[in-house]
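I opened my notebook for a fresh look at this one. These are my entries, in the sequence in which I looked things up.

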Amino acid sequence: MPEDIEADDLFAMAGLQHGAPRAGFPDKEMFAQVAYQLVHDELLLDGVSRMNLATFCTTWTDDYARRLMAESLDKNIVDKDEYPQTAELEKRGVRMVADLWNAPDPATVLGTSTIGSSEAAMLGGLAAKFRWRARGGQGTPNFVCGPVQVCWEKFARYFDVEIRQVPLRGDHYMMRPEDIAAYCDANTIMVVPTFGQTFTGLFEDVAGISKALDDIQAATGVDIPIHVDAASGGFLAPFCAPDLVWDFRLPRVKSINASGHKTGLAPLGAGWAIWREPADLPQELIFNVDYLGGAMATFNLNFSRPGGQAITQYYDFIRLGRLGYTRVQSEIYRVAQYLAEGLEATGLFDMIHGGDPNRGITAVSWRLRGEQNFNLYDLSDRLRSRGWLIAAYPLPADRGEETIMRAVIRHGFTHDMVELLLADMDRCLTVLCKHALGLSSAEAGGFTHSATAAVPIEQVAPVR
Ligand SMILES: *Cc1c(COP(=O)(O)O)cnc(C)c1O
């Protein structure tokens, strides 16, 4: 076999005359341009991220954000002595987010950037568990929530806390204030309302739940704090529904998490966890480490972590400010409402969330109206043939067999793209109304955020 030389045309090189290494660790080197081309071309099979309406995460970033990400590729956020200005930008980020969420004193607040909401949720949950133990809590701690994102099931399992999910009743899609008393007791370390539910996009009623917990305290003396999972709502309501009270304006709210990489508009890998007051974050959870030169306090699950995300999030905050975020997010809501109107006009769907900023996030969710000869998995599957990824998934088991569909509208999704999507939807529906299918969730590549059982490790390992 001829040897590659760099002067060869890329596609005449020997390295491209067979498939990419797949199994054992490769023996030999190859030219960087050959390896790049192999990897680049394999990724052609991935979907187009901006047409993926199943994800909540950032899929559009401006050139300056990309430049900052590239410039900070080598900055480890944990190395606060070596990169003090990265640490400073993260600290400013914490104060800005605390201010946005109406913390009593944003200047002294404790908080941290994280790799996403999952890590931030674990930290919020751990702080609640440690506070409960410090109050003399004994036995098995529990927390109460509605239908939650999988990170809370992970928190429960990884940290030995019982999860008490309030089942959905009647035609409600959320945990309701009047339902929680039956699930709370002296070992309840927190109630976790989801502010921007994964399944429907709707906001749970944090103020109502707080009031219900006031009543529980008055009746039983048990004082149960709230941690708000504001993964996607945390950077929407402050701008587009400022009168909705869900944050630190409620004294019972002790900590909040949000994903900077969702509606915060930061690139992937950014989250925030903020505590109301320093006393709400137990000191035992903060580690002071000095291996990297200088002492520094850390409260994260990771040690090394890229600094670019917190840096770029800070760029987003100062680039847009309150006014800019309000304009960006209001436009996204408008586009979501336009999609909801188009879907309603087909006469085939009932809206669950139509993109009202006072009711939920920048998303639309719907179910099939009455009996049709196709289901939402069929629709999801057909839309994929045009490149659109729109999730169809079952609601939590206590809602029976109900299947719904959700489209998350994000920065970079335009009015024009909604028109393209609706035209494709129309074509798909015309075919489906004629030719019944009836796919199951698995056949349609069903997508859900909730895990019912742990996946055995062999199944997680790469397929060879
Ligand atoms: C996305 C999401 C999470 C997990 O956040 P990551 O940033 O993906 O780790 C947790 N809770 C809710 C409500 C979410 O929407």
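**Entry: a backbone angle in a loop.** I began with L265, which sits in the loop between β6 (253-259) and β7 (271-275). A note to myself before going further: this is a predicted model. L265 is not a glycine, yet its phi is positive, at about 75°. Is L265 buried or exposed? I found it buried, because its relative accessible area is 8% and the cut-off for buried is under 20%.

**Entry: a second positive phi.** I then turned to N102, which is also not a glycine and has a positive phi, near 60°. I placed N102 in the loop between α3 (84-100) and β1 (111-114). With 33% relative accessibility, N102 counts as partly exposed.

**Entry: around the ligand.** Next I went to the ligand and asked which residues come nearest to it. There are 13 residues around the ligand, and the nearest are S117, S118, D229, H261 and K262. I sorted the shell by class and got 2 nonpolar, 9 polar and 2 charged residues.

I then looked up polar distances for three of these side chains.

- For D229, an N or O atom of the side chain is 2.6 Å from a nitrogen atom of the ligand.
- For H261, an N or O atom of the side chain is 2.7 Å from an oxygen atom of the ligand.
- For K262, a polar side-chain atom lies 2.8 Å from an oxygen atom of the ligand.

How much of the ligand does the protein bury? Taken alone, the ligand exposes 380 Å², and the protein buries 90% of that.

**Entry: cysteines.** I wanted to know how many disulfides there are. The count comes to 0. As a reminder to myself, a disulfide is a covalent bond between the sulfur atoms of two cysteines. I checked C57: it is in no disulfide, and its nearest cysteine sulfur, that of C151, is 12 Å away. C57 is buried, with a relative accessible area of 16%. C145 is in no disulfide either, and here the nearest cysteine sulfur, again that of C151, is 9.8 Å away. I noted C145 as buried too, at 0% relative accessible area.

**Entry: aromatic rings.** I searched the whole structure for aromatic pairs and got 16. I picked W101 and F235 to look at in detail. Their ring centres are 6.0 Å apart and their planes stand at 45°, so I wrote the pair down as tilted. W101 is in the loop between α3 and β1, while F235 is in the loop between β5 (226-229) and α7 (237-240). The pair links distant parts of the chain, 134 residues apart. Both W101 and F235 are buried.

My other choice was F143 with F155. Why did I write this pair down as edge-to-face? The ring centres are 5.6 Å apart and the planes meet at 65°, so the pair is edge-to-face, the cut-off for that class being over 60 degrees. F143 belongs to strand β2 (residues 142-145) and F155 to helix α5 (residues 150-158), so the pair ties together parts 12 residues apart in sequence. Both F143 and F155 are buried.

I also followed the ring pairs from residue to residue. They link W101, F195, F203, F235, F239, W246, W272, F317 and Y325 into a cluster. W101 and F235, the tilted pair above, are among the members of this cluster.

**Entry: C-alpha distances.** To finish, I looked up three pairs along the chain.

- G360 is in the loop between β10 (349-353) and β11 (363-368), and it counts as buried at 0% relative accessibility. The C-alpha atoms of G360 and T86 are separated by 33 Å, with their positions 274 residues apart along the chain.
- V222 is in the loop between α6 (206-220) and β5. V222 is partly exposed, with a relative accessible area of 22%. Its C-alpha atom and that of C184, 38 residues apart along the chain, are separated by 9.0 Å.
- Y338 lies in helix α8 (residues 308-345) and is partly exposed, at 23% relative accessible area. Y338 and A423 are 85 residues apart in sequence and 13 Å apart in space, C-alpha to C-alpha.

Terms used
Residues are numbered from 1 along each chain as its sequence is written. This is a predicted model: local features need pLDDT of at least 70, side-chain atom pairs count only at pLDDT 80 or more; totals for chains, interfaces and linings use all residues. Side-chain values use heavy atoms; hydrogens and water are left out. A residue is near a molecule or strand if one of its heavy atoms lies within 4 Å of it. A polar contact is a pair of N or O atoms within 3.5 Å; within protein, one must be able to donate a hydrogen and the other to accept it, and residues adjacent in sequence count only if both atoms are side-chain atoms. Accessible areas come from the Shrake-Rupley method with a 1.4 Å probe; for residues, only the protein chains shown count as cover. Ala, Val, Leu, Ile, Met, Phe, Trp, Tyr, Cys and Pro count as nonpolar, Asp, Glu, Lys and Arg as charged, and the others, Gly among them, as polar. Helices (H or I, at least four residues) and strands (E, at least two) are DSSP runs, numbered from the N terminus. Buried means under 20% relative accessible area, exposed over 50%, partly exposed in between (1.4 Å probe, protein chains only). A disulfide is a pair of cysteine sulfur atoms within 2.5 Å. Rings of Phe, Tyr and Trp (its six-membered ring) pair if their centres lie within 6.5 Å; planes under 30 degrees apart count as stacked, over 60 as edge-to-face and the rest as tilted.
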